[in-house]
Amino acid sequence: MPMLNMRVSSPAALIDINRIETLRGIEDRPDCVRVGAMTRYVELQESAVIRAHVPLLAMALPLVAHVAIRNRGTIGGSLCLSDPAAETPACCVAAQAQIVLAGPSGCRTVAAEDFAIGLYETERQPDEILVEVLFPKAVSGRIFFVDEFSRRKGDFAIVGLAGSIRDKGSTVNDPRLVFFGSDNRPILAHAAAAAIDGRPWSDAVRQAASESLDDDLDPMDSIHASANYRRRLAKVLLSRVITRALAS
Amino acid sequence: MTGPADNVRLTISLRVNGELIERETPVRKNLVDFLRDDLGLTGTHVGCEHGVCGACTIRVDGRSVRSCLMLAVQADGCEVVTVEGLTASGEIADLQTAFVQRNALQCGYCTPGMLATAADFLASERPRSRDAIREFMSGNYCRCTGYQAIVDAIEDVARARAGQDTP
Ligand SMILES: Cc1cc2nc3c(=O)[nH]c(=O)nc-3n(C[C@H](O)[C@H](O)[C@H](O)COP(=O)(O)OP(=O)(O)OC[C@H]3O[C@@H](n4cnc5c(N)ncnc54)[C@H](O)[C@@H]3O)c2cc1C
Ligand code: FES
Ligand code: FES
């Protein structure tokens, strides 16, 4: 709607998918949690199934905009819009969700990690609709985290980090780190994860993680924050988030 | 809005402030424009037209939404309550009095949206702290008051409704 109101987009045809019942709902399946594309943030926030099995998403939702926006905004809309600073797509990558698309030639599944391909650009073809998102259930023994720097509560993130580590005392184990807001899409930080995996969280490791992050991120410059500032914030965020996760 | 679907119209029926309404409307008309221009309910204000300022906040099917981010045709079959409806039902009478007493409005442009959002806060189970109020109201812009007085007014009502005295 903002795109229409600002005349950025004026499509000849506009399809309202609000009344397609099969695009809705949160379903607790034996092997995953199925979330219909039209499921609204508020429904996710109120869902005991999401809290139990996709804790990362539950933690991220309060960071998304404001109540009146969460009452209307949908998970499918957020993924398809693919705002680089949005929390939900990053959580889908961090939680290793699968995205189901339907088109004239049937359905296909894309890993959330491969879905966003550029600025407001996704794998979805113009003749495809996002149908549902399948979340693997969170396994016990992992610590989840999401945090961000934003100018005000509810604003889009300047830089955010969503992810998890295995709960292994004071050693960082099997980290999965997804940065959002920094680059043109959510970034799975492989280099930083490799630099800290299996190590005790010492000053030296922290330093190594910071340096490795330069290989993962290629931050954007904008009127809100320079690339350098975003890079700096990403490092601060990583350090804070891991420290907090290990202390929890 | 002007654009490709300008001449396409649909008849919608919805309940607005309790009254059943049936109207024909261009399919690309925003709900807020429908409420203001077609129904004359000018209490709902238009500020930014992209969901950021909160001046157009109304209630649709019991939940607060931005009426600038919905098309009128999407409200077909819905139950819509605007600030006029909230006023008529008496739900926000104490809030309106508190806004006046606390000087929580100057130009008043943001006020209908502030009242609608505050009504939501007061109906919720959230903690009644000033921080919680600020957080909940953070999606509504006011260019005049500096917010302090608005938080004061909402806090007064929260306390009064909980049977506590105001400080
Ligand atoms: C004031 C404001 C603040 C916001 N702050 C945040 C924030 O802090 N964090 C955040 O993550 N988001 C934020 N958002 C974005 C918001 O959360 C919505 O997710 C986003 O606007 C998408 O809305 P929607 O679900 O209604 O989708 P729409 O706006 O209806 O759709 C977005 C795009 O996706 C397409 N689309 C939608 N659903 C499908 C589908 N199933 N299949 C194919 N294409 C589809 C549409 O055609 C359109 O191009 C904010 C929005 C506003 C207005
Ligand atoms: S006019 Fe709708 S939020 Fe500003
Ligand atoms: S009173 Fe003027 S904008 Fe709030």
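**Figure 1. The second largest cavity is lined by residues of chains A and B in this predicted model.** Chain A contributes A:His66, A:Val67 and A:Ala68 to the lining of the second largest cavity. From chain B come B:Ser64, B:Arg66, B:Thr117, B:Phe136, B:Gly139 and B:Asn140. Two elements each supply at least two residues of this lining: helix 5 (67-70) of chain A and strand 4 (63-66) of chain B. The space in the second largest cavity is about 40 Å³. Sorted by class, its lining has three nonpolar residues, five polar ones and one charged.

**Figure 2. The largest cavity is lined by residues of chain A.** Two cavities of 30 Å³ or more turn up in a search of the whole structure, and the largest of them holds about 60 Å³ of space. Its lining consists of A:Leu79, A:Ser82, A:Pro89, A:Cys92, A:Val93, A:Ile99, A:Ala112, A:Phe115, A:Ala116, A:Thr122 and A:Pro186. Helix 7 (87-94) and helix 8 (112-115) of chain A each give at least two residues to the lining of the largest cavity. Helix 7 of chain A has the largest share, with three residues. Nine residues of the lining are nonpolar and two are polar, while none is charged.

**Figure 3. Ligand 1 lies between chains A and B.** There are 27 residues around ligand 1. Those that come nearest are A:Tyr41, A:Thr74, A:Glu87, A:Leu130 and B:Gly51. In the shell around ligand 1, 16 residues are nonpolar, eight are polar and three are charged. Helix 6 (75-81) and strand 7 (129-136), both of chain A, each provide at least two residues of this shell. The largest share, five residues, comes from helix 6 of chain A.

**Figure 4. Polar atoms of A:Tyr41, A:Ala65 and A:Asp155 lie close to oxygen atoms of ligand 1.** For A:Tyr41, the atom concerned is a polar side-chain atom, 2.6 Å from an oxygen atom of ligand 1. In A:Ala65 a polar backbone atom is 3.2 Å from an oxygen atom of the ligand. A polar backbone atom of A:Asp155 is also paired with an oxygen atom of ligand 1, at 3.5 Å. How much of ligand 1 does the protein bury? Ligand 1 exposes 960 Å² when taken alone, and the protein buries 76% of that area.

**Figure 5. The second largest pocket has a volume of about 340 Å³.** It is lined by 22 residues. Closest to the centre of this pocket are A:Ala94, A:Gln96, A:Arg142, A:Ser164 and A:Arg176. Four elements of chain A give two or more residues each to the lining: helix 4 (55-60), strand 8 (142-149), strand 10 (176-180) and helix 9 (190-196). The lining of the second largest pocket divides into 14 nonpolar, four polar and four charged residues.

**Figure 6. Chain A, shown as the setting for the close-ups, has eleven helices and eleven strands.** Its radius of gyration is 18 Å, close to the 18 Å that the globule rule gives for 248 residues, so chain A is as compact as a globular protein of that length. Taken along the principal axes, the C-alpha atoms of chain A fill a box of roughly 55 × 45 × 35 Å.

**Figure 7. Chain B has six helices and five strands.** Along the sequence, the elements of chain B follow the pattern β-β-α-β-β-β-α-α-α-α-α. What radius of gyration does chain B have, and what would a compact globule with 167 residues have? The value for chain B is 17 Å, which agrees with the value near 15 Å for such a globule. The C-alpha trace of chain B spans about 55 × 30 × 25 Å along its principal axes.

Notes:
Residues are numbered from 1 along each chain as its sequence is written. Chains are lettered from A and ligands numbered from 1 in the order in which they are written. This is a predicted model: local features need pLDDT of at least 70, side-chain atom pairs count only at pLDDT 80 or more; totals for chains, interfaces and linings use all residues. Side-chain values use heavy atoms; hydrogens and water are left out. A residue is near a molecule or strand if one of its heavy atoms lies within 4 Å of it. A polar contact is a pair of N or O atoms within 3.5 Å; within protein, one must be able to donate a hydrogen and the other to accept it, and residues adjacent in sequence count only if both atoms are side-chain atoms. Accessible areas come from the Shrake-Rupley method with a 1.4 Å probe; for residues, only the protein chains shown count as cover. Ala, Val, Leu, Ile, Met, Phe, Trp, Tyr, Cys and Pro count as nonpolar, Asp, Glu, Lys and Arg as charged, and the others, Gly among them, as polar. On a 1 Å grid over the protein atoms alone, a cavity is a set of points where a 1.4 Å probe fits but cannot get out, and a pocket is an open set with protein on both sides within 12 Å along at least five of seven lines; lining residues have an atom within 4 Å of a point. Grid points are joined across faces, edges and corners, and a volume is the space filled by probe spheres set on the points. The radius of gyration is taken over C-alpha atoms; the globule rule is 2.2 Å times the number of residues to the power 0.38.
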